[in-house]
Amino acid sequence: MFKEKLIENIKTLTQQEIDYLSKNRYNLVEVCKHISLLETHYDEYTIKREWLHGFLGQSFSGNLQRAEKYMTEPDRLLEVLTIMTTRFSYPARPLLLLKATLQDNCATPVMLAYFLKVIKRRERYMNLFEGYMNKPKFNVGQIVQLRANIGVDAVIQKQKYYTTFRGCSRRSLAEARKKTFMVLSSDPPIEERVRAKIYSYHEKQGGCRYYKLLPIGEAKTYLVTEKFLKECRTQAVKDALK
């Protein structure tokens, strides 16, 4: 049963997609080229394991549907992949290959589906992808405050002695908690590496996207993670604008 389903999925691949999987060193790429190898070189246990956990197994159709949805916004997808490459010192091979393929206008949903399968096992990559592919929770000019459960990694600052952005100090966070902010921009360009936790995406709270915020009545700006922002109460907004 598993063998027939794997073969069915393999037959949907184009030669271009098989070549792409080969560049990614996919473990069944030779089977994709020669389906008969599934009969001669793989036992039932290996085939079952591939169906349960592999790219062309039971999760293939679900990843492909998600990929088709994301491929409707190729420019946004390329922008997100570019952001991801800047956030890691050594970006994963599938990330770099997919980005290059998108830039060449050769990407297909199957290629993106493979990438989604890979990053599902890499929490930081998945958090970044979902956090930036979803639309921003807050608009420019909106008044916001920090959530009570915010930690130092959610407010990043340029380090004095390092060429990186890292989480702020506890003192800086305590001061920021008292402030009311206006959103200046979302996805502000960050020139250096960010050495801070990459938070997972939540439907209502958002994810790891950064916002540039300006405290009401002050000049110093802050870079804060979306997940730990909340829309300001009406009274707080009135008090801040007095």
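1. On disulfides, this predicted model holds zero of them. For Cys232 the geometry gives the reason, because its sulfur lies 19 Å from the closest cysteine sulfur, that of Cys168, which is too far for a bond, given that a disulfide requires a pair of cysteine sulfur atoms within 2.5 Å.

2. The two cysteines for which accessibility is given can be set side by side: Cys232 counts as buried, at 10% relative accessibility, whereas Cys106 is partly exposed, with a relative accessible area of 35%.

3. Turning to the sheet, eight strands form an open arrangement with mixed pairing, in the order E5-E3-E2-E7-E6-E4-E1-E8. The edges are strand E5 (193–195) and strand E8 (229–231), each of which pairs on one side only, and from one strand to the next the twist averages 45 degrees.

4. Within that order, E7 and E6 stand next to each other, and the contact between them can be described in detail: strand E6 (residues 210–215) and strand E7 (residues 222–225) run antiparallel and are joined by four bridges. As for individual residues, Tyr210 has Thr225 in E7 as its bridge partner.

5. A final point concerns Ile18, which belongs to helix H2 (residues 15–23). Is Ile18 buried or exposed? With a relative accessible area of 6%, Ile18 is buried, because residues under 20% are classed that way. Between Ile18 and Gln205 the C-alpha to C-alpha distance is 39 Å, and the two residues are 187 residues apart in sequence.

Conventions: Residues are numbered from 1 along each chain as its sequence is written. This is a predicted model: local features need pLDDT of at least 70, side-chain atom pairs count only at pLDDT 80 or more; totals for chains, interfaces and linings use all residues. Side-chain values use heavy atoms; hydrogens and water are left out. Two strands pair if DSSP finds at least two bridges between them. Helices (H or I, at least four residues) and strands (E, at least two) are DSSP runs, numbered from the N terminus. Axes are lines fitted to C-alpha atoms, for helices over the stretch in contact, and angles run from 0 to 180 degrees between N-to-C directions. Buried means under 20% relative accessible area, exposed over 50%, partly exposed in between (1.4 Å probe, protein chains only).
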